[in-house]
Amino acid sequence: MKFLLRNPKTFCFISDDSREDSKDCAFLVTQSSQKYLQHARENGFKDFLTPQELGKYLDLNLKIIGITGTNGKTTTAAMIYSILLDLGYKVGLLGTRGFFINEKQKRPKGLTTPSLLEIYSAIDEARLEKCEYFVMEVSSHAIIQNRIEGLIFDLRILTNITSDHLDYHKTLENYIATKNSFFMNPNDKKLLNKDEPKAQYALQNTLTYGIESNATFSVKAYSLRNGITAQITYGKEEATLDVAFFGKHNLYNALAAIGAVKILEDLPLESIIAKLEGFGGVKGRMQVVSENPLVIVDFAHTEDGMEKVFESFLHRKIVVVFGAGGDRDRLKRPKMGLCAARYAHTLYLTSDNPRSENPLQIIEEILSGIPEELRKKRNIYVEENRSFAIKKALENLQLDEVLLILGRGDENYQIIGEETLEFDDCKEVEKYIKNKVF
């Protein structure tokens, strides 16, 4: 990537690609580009910058909020973005769903956290549009690859730490350590989930939120039966949250978002919560595709993520459609199978981006986590074709059941072998449901 400086000094461009035209261009030396340093010299680059030095050439005068965690990053970021916009601030948002400034999408979906130069470019664009805040998701890959090096965060937020990406991090201990390393700077303000036992707490500048624990931002009482109703407390302040989205995990996300805005702006708790009540949700995250019958599409693709969705519907009979991604963490597959069988009475096991793997082999690994005695108590169907699996689930769905379609959320494609095929869970539901009378 080549980045144009708005106020050039000794050079006009910065690039992390050694193949770029080196004229009037400096080379950014990051963990990823370090191995191309010699090639950059041979290609004529004369100026070399570290991420810390990059900041000297950019006037990034806005507040950066960084959110990490296994689950909840996208929703929490979207909630903060929505609250701040409704409060009248100009805001940038960078994450899994793409890059947005003041409700306009500037870049399509990509990596949760892109390259350092792309991040700086996005922040610079937000600054030019007079943004006061920049909200971004921070992935574990980005932390360990130093893709956020040199950035100054006004607030760092932890949603939770469970298990994911072990194909990359190798062990759960490495993954936990990576997530916690984001919070080790004693000078930065931090907002951590106090109910997360794997979180490590630096004593300086740390505030907390929690449902089960006594935290800075706490919940006095709550109900999850029809949306979320909760009595939230902060010191002597108390206010009621009443929203239409589902699940205890979304109550955690809401607490984090409310806490973040309170920390940064110190507005009355009641006024912050009032703005969150206008939040319309995130596409593909606990998205209600049909109300009668109730059909939910969600991105949950780990054991923990699935459990949080299931626990939102303990008062309903649960039917679930899901699979597991190919060429990714295989250890989570049997855990996902066991989790689904514990909560759902009917399971449709299917494909979810199998990539180069055999879809049926992936399904077998999911099934391996379900004990034989539990299999006998559940209706379990194997349907490799995801479209057919959704159709079968809808054809058999009863009005007292909820259908949960998990794993892909708002993704609009499937990778099967070397092909990337157009596919959208929500559209599949809409296509079949309009032709069925319930």
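This report describes helix packing, helix burial and a few backbone features in a predicted model.

Residues are numbered from 1 along each chain as its sequence is written, and side-chain values use heavy atoms, with hydrogens and water left out. Because the model is predicted, local features need pLDDT of at least 70 and side-chain atom pairs count only at pLDDT 80 or more, while totals for chains, interfaces and linings use all residues.

**Helix pairs**

Helices (H or I, at least four residues) and strands (E, at least two) are DSSP runs, numbered from the N terminus. Axes are lines fitted to C-alpha atoms, for helices over the stretch in contact, and angles run from 0 to 180 degrees between N-to-C directions. The table lists three pairs.

| Pair | Angle | Axis separation |
|---|---|---|
| H3 (residues 73–86) and H8 | about 45° | 9 Å |
| H8 (residues 248–265) and H9 (residues 269–276) | about 130° | 10 Å |
| H10 (residues 303–310) and H11 (residues 332–343) | about 10° | 9 Å |

Angles under 35 degrees count as roughly parallel, over 145 as roughly antiparallel, 65 to 115 as roughly perpendicular and the rest as oblique. A crossing is left-handed if the near helix is turned anticlockwise from the far one by less than a right angle, and right-handed if clockwise. Contact means heavy atoms within 4.5 Å. For residue classes, Ala, Val, Leu, Ile, Met, Phe, Trp, Tyr, Cys and Pro count as nonpolar, Asp, Glu, Lys and Arg as charged, and the others, Gly among them, as polar.

**H8 and its partners**

H3 and H8 pack at about 45°, which makes H3 oblique to H8. The crossing of H3 with H8 is right-handed. On the H3 side the contact uses Thr75, Thr76, Met79, Ile80, Ile83 and Leu84, and on the H8 side Asn250, Asn253, Ala254, Ala256, Ala257, Ala260 and Val261. By class, this contact of H3 with H8 has nine nonpolar, four polar and no charged residues.

H8 and H9 are likewise oblique to each other, and their crossing is right-handed. Ala254, Ile258, Val261 and Lys262 of H8 touch Leu269, Ile272, Ile273 and Leu276 of H9. The contact of H8 with H9 comprises seven nonpolar, no polar and one charged residues.

What share of H8 is buried? Buried means under 20% relative accessible area, exposed over 50%, and partly exposed in between (1.4 Å probe, protein chains only). By that rule 16 of the 18 residues of H8 are buried, and the helix is mostly covered. The expected span of a helix is 1.5 Å times one less than its number of residues. For the 18 residues of H8 that is 26 Å, and the end C-alpha atoms are 26 Å apart, which agrees.

Asp266 comes just after H8, in the loop between H8 and H9. Its phi is positive, near 50°, in a residue other than glycine. Asp266 counts as exposed, at 56% relative accessibility.

**H10 and H11**

H10 and H11 are roughly parallel to each other, and H10 passes H11 in a right-handed crossing. Glu303, Met306, Glu307 and Phe310 of H10 meet Lys335, Met336, Cys339, Ala340, Arg342 and Tyr343 of H11. This contact of H10 with H11 divides into six nonpolar, no polar and four charged residues.

**H4 and its surroundings**

H4 has 13 residues and reaches 18 Å from its first C-alpha to its last, close to the expected 18 Å. Of these residues 10 are buried, so H4 is largely enclosed by the rest of the structure. Leu116, Ile119, Tyr120, Asp124 and Arg127 are among the buried residues of H4.

Thr113 sits in the loop between strand E8 (104–107) and helix H4 (116–128). Is Thr113 buried or exposed? Thr113 counts as buried, at 0% relative accessibility. Apart from neighbours within four places in sequence, Thr113 contacts Ile119, Met136, Glu137, Val138, Ser139, Ala142, Arg147 and Ile148.

Lys130 follows just after H4, in the loop between H4 and strand E9 (133–137). Lys130 is not a glycine, yet its phi is positive, about 65°. The relative accessible area of Lys130 is 60%, and the residue is exposed.

**A cis peptide bond**

The peptide bond joining Asn292 and Pro293 is cis, with omega about 5°. Pro293 lies in the loop between strand E16 (287–291) and strand E17 (294–298).
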